[in-house]
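Me: Please give me a close look at a single part of this one, the interface between the chains. Take your time, and link it to the rest where you can.

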Amino acid sequence: MTNKETKEKTEEIFSGAQRLISSAVNVLEEEIAAGILAAKKIEKKVIDVEDIRSDPSDLLNRIRRDTHEAVDLFLDAFTAISKQVQNLASLNTDKETKKEEAPVSKATANNGAIVLEADHPVKPGETVSFCFSLLEDTEEVTKLELKKTNLIGQSNHTIHSRALKITPRKVQLIPNEEQEITIDLVVPKNAVPDQYNAFITSASPHAIKVVLHVEVTND
Amino acid sequence: MSNSLMKSMLAEYGAATLEGINKYIPDKEPRKYLYDLVADYPNRGGKGFRPGLCIAACKAYGGKQSDAMDSAICLELLHNAFLVHDDIEDESFFRRNKPTLHEANNSAIAINVGDAMQVLSLSPLYRNREILGDRVATKVYLEVQRMILESVEGQAMELGWRKDNMCDLKEADYLRMILKKTCWYTCMQPLRIGAIIGTRGQIDPDTFDRLGYFMGTSFQIQDDILNLVGEEDKYGKEVCGDIIEGKRTLMLIHLLGNCKPAEFRDVRSFLANPIKDRSIEDARSILELMHQYDSIEQAKKTAQYLAGGALKEFYSIFSKCHETQDKALIENIILYMINREY
């Protein structure tokens with residue numbers, strides 16, 4: 001085969017490959033677009049956005065109801081922690097009062113307090129994991145170290161904080177970086193059944209407030 | 001990396017996945033017509049391609065094998081569930097050198113076994129929450145949901161073509177069908193899921209779409225070629241079986257688009273018959289025509305071009321990853337496709 005023939009053959013192969021890849025990419029992009037459109041249509045059918053928008057009071061009530069539940073849990077945890085931290089002992093722990101106070105506390109709950117609840121009761125000796133993400137949405141690099149409290153039961157039982165393992169404990173986030181934090185709780189074999197809460201925090205100015213809630217049961 | 005190391009890594013990941021699958025199969029009755037049969041196809045020994053890609057992508061992005069195991073188990077269980085149902089839909093006789101499940105039992109039992117495998121694949125998916133956390137596990141769940149939908153849509157396309165005896169299909173139709181039927185669940189989702197796990201959800205999984213698509217299409221075309229020119233013992237399915245089943249392969253589409261009108265009518269008439277009435281002699285005649293019109297050579301080139309496209313995508317995506325055996329494994333799978341001899 002002469003150089004010219006080799007060159008022509010190479011060009012033919014290149015052209016054939018280019019045409020094929022281009023055709024394949026077009027098909028892929030069409031299908032991805034079709035998939036996105038279909039998903040949006042389903043979402044529109046399943047969640048009637050217009051209907052929700054037409055009744056803003058109902059929407060607001062739903063948000064309030066969800067927030068109340070979250071705030072209740074948050075305050076339960078906070079109350080438990082207050083038993084451990086003496087300078088918070090004066091907080092009002094009355095359940096009814098909490099309901100009344102909830103709108104006031106909503107800002108606290110919305111401004112950084114995350115409530116993570118184990119989705120099923122765990123037995124002594126078992127492990128349960130909690131996860132959340134940190135997103136650096138400013139233009140700064142953030143360094144923080146997460147701290148943990150003991151788990152305090154509603155009946156004053158305690159699980160030592162060493163049962164909690166935070167991974168990673170020290171975090172450095174660059175702008176727009178998201179980092180997942182995993183907290184593993186190995187429930188001690190001698191743990192007493194109770195509803196436990198723990199508090200995961202970081203020092204200011206990058207305040208992180210996470211409440212962990214878990215039910216330990218022998219059943 | 002040598003091909004033998006590539007095969008041994010795939011075998012290792014496949015074996016770990018199989019061990020996991022066996023753990024998820026309930027040890028209880030009914031065994032004879034359900035749980036023993038659930039274990040049948042996975043234990044016949046496949047290539048371990050899907051779990052291999054998933055685990056390798058996870059590790060290439062810094063994750064641990066154990067983090068990806070449940071997802072790999074889910075993918076392999078679903079793959080085998082698809083095979084059980086596909087074999088019934090395609091009226092296939094052999095799978096991995098043994099009678100297909102419905103041939104060895106009956107279609108009703110095989111359908112039920114396939115259903116059970118699909119349900120069992122949910123367990124490892126659910127368990128992901130404990131290992132990966134809610135956020136990453138939810139991402140993996142959504143990937144699997146999408147993968148199943150794409151696959152059944154692709155299967156519907158091909159079954160529809162066969163039912164309507166479509167004979168005027170083009171290359172782009174094939175590329176679309178194979179994208180949906182094969183690529184999502186063979187390459188795209190295993191890579192996407194592995195990378196999601198390896199990066200703890202930090203990566204945009206769409207990054208892998210072209211790579212997985214080119215790989216998957218090349219893989220499927222080569223598999224279809226082997227059905228025509230491979231040795232039955234090595235291939236594990238009846239040779240020319242795809243022609244008898246009327247499968248719209250790239251070679252058949254090429255032949256129908258290039259043969260003479262009289263030949264076109266003969267092939268169309270063959271495909272219009274019920275599968276049981278299609279003879280092996282007629283199938284071999286069609287294979288001869290495919291050779292005559294260079295349909296197989298063209299398909300080999302197409303597979304090679306696509307594998308080349310996959311390699312380019314691979315270098316562009318994985319250049320950011322450290323040099324690891326798992327990164328080399330993915331690269332070698334693509335190189336193997338490019339250099340494949342039949």
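Reply: Let's start with charge: chain B and chain A have eight salt bridges between them, where a salt bridge is a Lys or Arg side-chain nitrogen within 4 Å of an Asp or Glu carboxyl oxygen. Bear in mind that this is a predicted model, in which local features need pLDDT of at least 70 and side-chain atom pairs count only at pLDDT 80 or more, while totals for chains, interfaces and linings use all residues. Residues are numbered from 1 along each chain as its sequence is written, chains are lettered from A and ligands numbered from 1 in the order in which they are written, and side-chain values use heavy atoms, with hydrogens and water left out.

A good pair to click on is R135(B) and E178(A), whose side chains form a salt bridge at 3.7 Å, N to O. Beyond salt bridges, ten residue pairs are in polar contact across the interface of chain B and chain A, both residues being at pLDDT 80 or more. A polar contact here is a pair of N or O atoms within 3.5 Å; within protein, one must be able to donate a hydrogen and the other to accept it, and residues adjacent in sequence count only if both atoms are side-chain atoms.

Which parts of chain B supply the side that touches chain A? Helices α8 (122-163), α9 (171-198), α10 (209-229) and α16 (295-318) of chain B each put in at least two residues. Helices are DSSP runs of H or I with at least four residues, strands are runs of E with at least two, and both are numbered from the N terminus. The biggest giver is α8(B), with nine residues. Sorted by class, this side of chain B has eleven nonpolar, four polar and eleven charged residues. For that sorting, Ala, Val, Leu, Ile, Met, Phe, Trp, Tyr, Cys and Pro count as nonpolar, Asp, Glu, Lys and Arg as charged, and the others, Gly among them, as polar.

In terms of extent, 26 residues of chain B are in contact with 23 residues of chain A, contact meaning heavy atoms within 4.5 Å. The two chains bury about 2100 Å² between them, and 56% of that is on carbon and sulfur atoms. R135(B), R176(B) and Y305(B) are the residues of chain B that lose the most area to chain A, together 27% of what that side buries. Buried area is the accessible area (1.4 Å probe) that two parts lose on being put together, summed over both.

Now for some salt bridges in chain B. E153(B) and K180(B) meet through their side chains at 2.7 Å, N to O. E153(B) sits in helix α8 and K180(B) in helix α9 of chain B, so this pair ties together parts that are 27 residues apart in sequence. E153(B) is partly exposed at 34% relative accessible area, whereas K180(B) is buried at 6%; buried means under 20%, exposed over 50% and partly exposed in between, with a 1.4 Å probe and protein chains only.

In helix α16 of chain B, the side chains of E297(B) and K300(B) form a salt bridge at 3.3 Å, N to O. These two residues are three apart in that helix, so about one helical turn separates them. Both come out as partly exposed: E297(B) has 40% relative accessible area, and K300(B) has 23%. Going back to E153(B) and K180(B), salt bridges that share partners join them with E30(A), E31(A), E150(B) and R176(B) into one network.

Another pair worth a look is D40(B) and R44(B), with a salt bridge of 2.9 Å, N to O. R44(B) counts as buried, at 13% relative accessibility.

To put the interface in context, the structure holds 30 salt bridges over all chains. Chain B has 17 helices and two strands, and 58% of its 342 residues are buried. Among contacts in chain B between residues at least 6 apart in sequence, 76% join residues at least 24 apart.
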